[in-house]
Amino acid sequence: KLSVRLKTVAKYVPNGARIADIGSDHAYLPCYLAKHQKIESAIAGEVVEGPYQSAVRNVKAEGLTEMIEVRMGDGLEVIHPGEVDCITIAGMGGTLIANILEDGKEKLSTVNRLILQPNISAISIRKWLLENGWELINEEIVEEDGKIYEILVAEKGDPKRPYDNTIDIQLLMGPFLLKKQDEVFKKKWLLELKNWQRINKQLEQAAQKPETIPKRRELEYKIKLVKEGLHLEE
Ligand code: SAM
């Protein structure tokens, strides 16, 4: 059974796509897409031996070696130019995902959709997309086994389109997620808010330490952004 998290990623893969799933681990996502006839082909990329072997094993066991090729390598280096039109990267930190995209930029010329699922720091991805000509076209937020995940979908286009004069809030919390205001979204940010307020109070009590001031400024700014994003009174 594929997780709700990866099913949500799968939902945004265009029919007939040639995908690369980077950091594929067991290759669950490409196997699911191939079995459901959603894709033409897939490359499952892995940089670590164990997960790579596990991907190879699963693809064989599912009888999908004709459609899915498992390749060992770092980030987008496993893709040959022009080979894929859609890239999925799921289950890693947002900073790592943004670095993988940045390092493999030249492989993106034939790619027209990115589906990215950061475990933390979605802001790093939104910033990278904005600076690199990718337009965020949708976002989802899902909860599974007590964890909350964001899924970001981007296409080549006008990277500024989803943003307005509240861009600092939108980069942090997601322009589409802010509009939808799902229960899971509210839950995530109320938890973050509580956490930041707690840390801020601790720093306040450790007072008069000048080195805590920039950290407190930053926390207070993020607290302000999240309160605005959730439409909470001051
Ligand atoms: N994508 C799967 C999912 O969402 O369930 C697996 C997520 S797993 C937590 C992250 C995987 O990414 C690990 O198997 C790790 O080896 C791989 N990984 C990390 N950095 C990578 C990189 N630069 N290139 C390729 N794979 C990478």
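Below, a visitor asks a guide how the descriptions of this predicted model are reached.

Visitor: What kind of model is this, and how are residues numbered?
Guide: Residues are counted from 1 along each chain as its sequence is written. The model is predicted, so to speak of local features pLDDT must be at least 70, side-chain atom pairs count only at pLDDT 80 or more, and totals for chains, interfaces and linings use all residues.

Visitor: What makes a stretch a helix or a strand, and how many are there?
Guide: Helices are DSSP runs of H or I with at least four residues, strands are runs of E with at least two, and both are numbered from the N terminus. By that rule the protein has nine helices and seven strands.

Visitor: How do you know that the overall size agrees with a compact globule?
Guide: The radius of gyration is taken over C-alpha atoms, and the globule rule is 2.2 Å times the number of residues to the power 0.38. For 234 residues that gives a value near 17 Å; the protein has 19 Å, so the two agree. Along the principal axes, the C-alpha atoms fill a box of roughly 65 × 35 × 30 Å.

Visitor: What makes the seven strands a sheet?
Guide: Strands pair if DSSP finds at least two bridges between them. Here the seven form an open sheet with mixed pairing, in the order β3-β2-β1-β4-β5-β7-β6.

Visitor: Why are β3 and β6 called edge strands?
Guide: Because β3 (68-72) and β6 each pair on one side only. From one strand to the next, the twist averages 15°; angles run from 0 to 180 degrees between N-to-C directions, with axes being lines fitted to C-alpha atoms, for helices over the stretch in contact.

Visitor: How do you know that β7 pairs with β5 and with β6?
Guide: Four bridges join β5 (residues 113-118) to β7 (residues 147-156), and these run antiparallel. Leu114 has Ala154 as its bridge partner, and Leu116 stands opposite Leu152. Another 10 bridges join β6 to β7, also antiparallel, with Ile141 partnered by Glu150. In the hairpin of β6 and β7, two residues lie between the strands, and Asp145 takes a positive phi near 50°.

Visitor: Which strands does helix α2 lie across?
Guide: Helix α2 (residues 28-35) lies across β1 (17-22), β2, β3 and β4, and runs at about 170° to β2. Helix α3 (residues 49-61) packs on the sheet too, touching β2 and β3, at about 165° to the direction of β3.

Visitor: What makes a residue part of the shell around the ligand?
Guide: Its C-beta atom, placed from the backbone, must lie within 6 Å of the molecule. That gives 16 residues, the closest being Gly23, Asp25, Val48, Ala90 and Gly91. Strands β2 (39-46) and β4 (86-92) are the elements that give two or more residues, and β4 gives the most, with three.

Visitor: How do you know that there are two domains, and where do they touch?
Guide: The bounds come from an automatic or database domain assignment, which gives domain 1 (4-163) and domain 2 (184-229). Contact means C-beta atoms, placed from the backbone, within 7 Å; four residues of domain 1 meet four of domain 2 that way. On the domain 1 side, strand β6 (residues 134-144) provides the largest share, three residues.
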